[in-house]
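Work through these exercises with the structure open beside you. Try each task before you read its solution.

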Amino acid sequence: SQESQGSSAGTAATQRSKSQEKIPSRGSGKVAESEMSSGGKPKTGAGRDGHGEKGEGGAAASGSRLPQATPATSSQGSGAVMKLCMKQLRDAGATSLAEQLTSSGPKALDVSCNSIGPEGASALARTLSNHSTLMSVDMSANPIGEEGCQALAQALQNNSCLKHLDLHACSFGEDGATSLAAMLRENTTLTALNLKANYIGDAGATALAQAAGSSTSLRCLVTSGNDIGRAGQAAIERAMETNEGLSSSMPAGENDNILGEMGCTVS
């Protein structure tokens, strides 16, 4: 009948209207149900690596990662701490960074795990020699070798600001340790030096111990994980007896310093 046909047509129109409400037109500003999360909020692809619709700060991202060897864009600002850990800087990036570090730069620098060799370490050393704001530098897990270590040691003989230096796993061996010992006899501001896992033997340990024992500033010398035998260990123990403030590990509360802020505590 005409009445039943009208009722069926009305029902179909109502169903079409409801289905159209679920699928908004382009530019309508509504979010389709397929794009809704289970909590009723729009899904986004926000992530630290820049993939997805939005970056960490909510701005649209291009989908590409930050440049690996561009310190100015990779760092987290020019405030107290500059973190460039695991950015694959290598020598070229380290050299570029050294040129950008001015006296008004950060108080702490983390360039650990960046495949920085002797060339990059030497470039950073030249900057450190007269830098007046950097108080903490973490260069751990970089193959700077003997040459890079000697450059740093030479630079720090003249530095009067740096307090914490982390050279854990930098592959500089006995000769590097000897050059650092010579630096400790001249430097009067360094308080913490991490030399863990660097192939240091008895000769290097003895040289370091003798210098640390007479240091007026050093309070922490970490030499664990090396090839130090009884003679070297005995020399370190004598140094701690001579310099009562010297320790082989970070004292309680040391994480409150700049090195702790960087997440690069010496242990």
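The exercises below concern a predicted model.

**Exercise 1. The overall picture**

Task: State how many helices and strands the chain has, and what percentage of its residues are buried.

Solution:
- Begin with the elements. The chain holds 9 helices and 6 strands.
- Next, take burial. Of the 267 residues in the chain, 40% are buried.
- Finish with the contacts. Among those with a separation of 6 or more, 76% join residues 24 or more positions apart.

**Exercise 2. The sheet**

Task: Give the strand order of the sheet and decide whether the pairing is parallel or antiparallel.

Solution:
- Trace the order. It runs E1-E2-E3-E4-E5-E6, and the 6 strands form an open sheet.
- Check the directions. The pairing is parallel.
- Find the edges. Strand E1 (81-83) and strand E6 (220-222) each pair on one side only.
- Look at the turn between neighbours. Neighbouring strands of this sheet are turned by 5° against each other on average, direction ignored.
- Now zoom in on one pair. Strand E2 (residues 108-110) pairs with strand E3 (residues 136-138) over 3 bridges, in the parallel sense.
- Pick out one bridge. Aspartate 110 has aspartate 138 of E3 as its bridge partner.

As background, strands of a sheet pair through backbone hydrogen bonds.

**Exercise 3. A helix and its surroundings**

Task: Determine how many residues of helix H4 are buried, and which elements they pack against.

Solution:
- Count first. Helix H4 (residues 118-128) has 11 residues, and 8 of them are buried.
- Draw the conclusion. H4 is therefore largely enclosed by the rest of the structure.
- Name the buried residues. They are Gly120, Ala121, Ser122, Ala123, Leu124, Ala125, Thr127 and Leu128.
- Find what they touch. The buried residues of H4 pack against helix H3 (90-100), E3 and helix H5 (145-156).
- Contrast this with a residue of H3. Alanine 92 lies in helix H3. Alanine 92 is exposed, with a relative accessible area of 62%.
- Relate alanine 92 to H4. Alanine 92 and alanine 123 are 31 residues apart in sequence, and their C-alpha atoms are 9.6 Å apart in space.

**Exercise 4. Two helix pairs**

Task: Classify the packing of H4 with H5 and of H7 with H8.

Two numbers describe such a pair: the angle between the axes and the distance between them.

Solution for H4 and H5:
- Read the geometry. The axes come within 8 Å and cross at roughly 5°.
- Classify. Angles under 35 degrees count as roughly parallel, so H4 is roughly parallel to H5.
- List the contact. H4 supplies Pro118, Ala121, Ser122, Ala125 and Leu128, while H5 supplies Glu147, Gly148, Ala151, Leu152 and Ala155.
- Sort by class. The contact of H4 with H5 has 7 nonpolar, 2 polar and 1 charged residues.

Solution for H7 and H8:
- Read the geometry. Helix H7 (residues 202-213) packs against helix H8 (residues 230-242) at an angle of about 5°, and the axes are 8 Å apart.
- Classify. That makes H7 roughly parallel to H8.
- List the contact. From H7 come Asp202, Ala205, Thr206, Ala209 and Gly213; from H8 come Arg230, Ala231, Gly232, Ala235, Ile236, Ala239 and Thr242.
- Sort by class. The contact of H7 with H8 has 6 nonpolar, 4 polar and 2 charged residues.

**Exercise 5. The cysteines**

Task: Work out why cysteine 170 forms no bond with cysteine 149.

Solution:
- Recall the chemistry. A disulfide is a covalent bond between the sulfur atoms of two cysteines.
- Set the cut-off. The two sulfur atoms must lie within 2.5 Å.
- Compare the distance. The cysteine sulfur closest to that of cysteine 170 is in cysteine 149, 7.9 Å away, which is too far for a bond.
- Give the total. The count comes to 0 disulfides.
- Add burial. Cysteine 170 counts as buried at 0% relative accessibility. Cysteine 161 also counts as buried, at 15%.

**Exercise 6. Positive phi in two loops**

Task: Locate alanine 141 and tyrosine 199, and say whether each is buried, partly exposed or exposed.

Solution:
- Take alanine 141. It is found in the loop between E3 and H5. Its phi is near 60°, a positive value in a residue other than glycine.
- Assign exposure. Alanine 141 is partly exposed, with a relative accessible area of 36%.
- Take tyrosine 199. It is found in the loop between strand E5 (192-194) and H7. The phi of tyrosine 199 is near 60°, again a positive value in a residue other than glycine.
- Assign exposure. Tyrosine 199 is exposed, with a relative accessible area of 56%.

Terms used: Residues are numbered from 1 along each chain as its sequence is written. This is a predicted model: local features need pLDDT of at least 70, side-chain atom pairs count only at pLDDT 80 or more; totals for chains, interfaces and linings use all residues. Side-chain values use heavy atoms; hydrogens and water are left out. Two strands pair if DSSP finds at least two bridges between them. Helices (H or I, at least four residues) and strands (E, at least two) are DSSP runs, numbered from the N terminus. Axes are lines fitted to C-alpha atoms, for helices over the stretch in contact, and angles run from 0 to 180 degrees between N-to-C directions. Buried means under 20% relative accessible area, exposed over 50%, partly exposed in between (1.4 Å probe, protein chains only). Angles under 35 degrees count as roughly parallel, over 145 as roughly antiparallel, 65 to 115 as roughly perpendicular and the rest as oblique. Contact means heavy atoms within 4.5 Å. Ala, Val, Leu, Ile, Met, Phe, Trp, Tyr, Cys and Pro count as nonpolar, Asp, Glu, Lys and Arg as charged, and the others, Gly among them, as polar.
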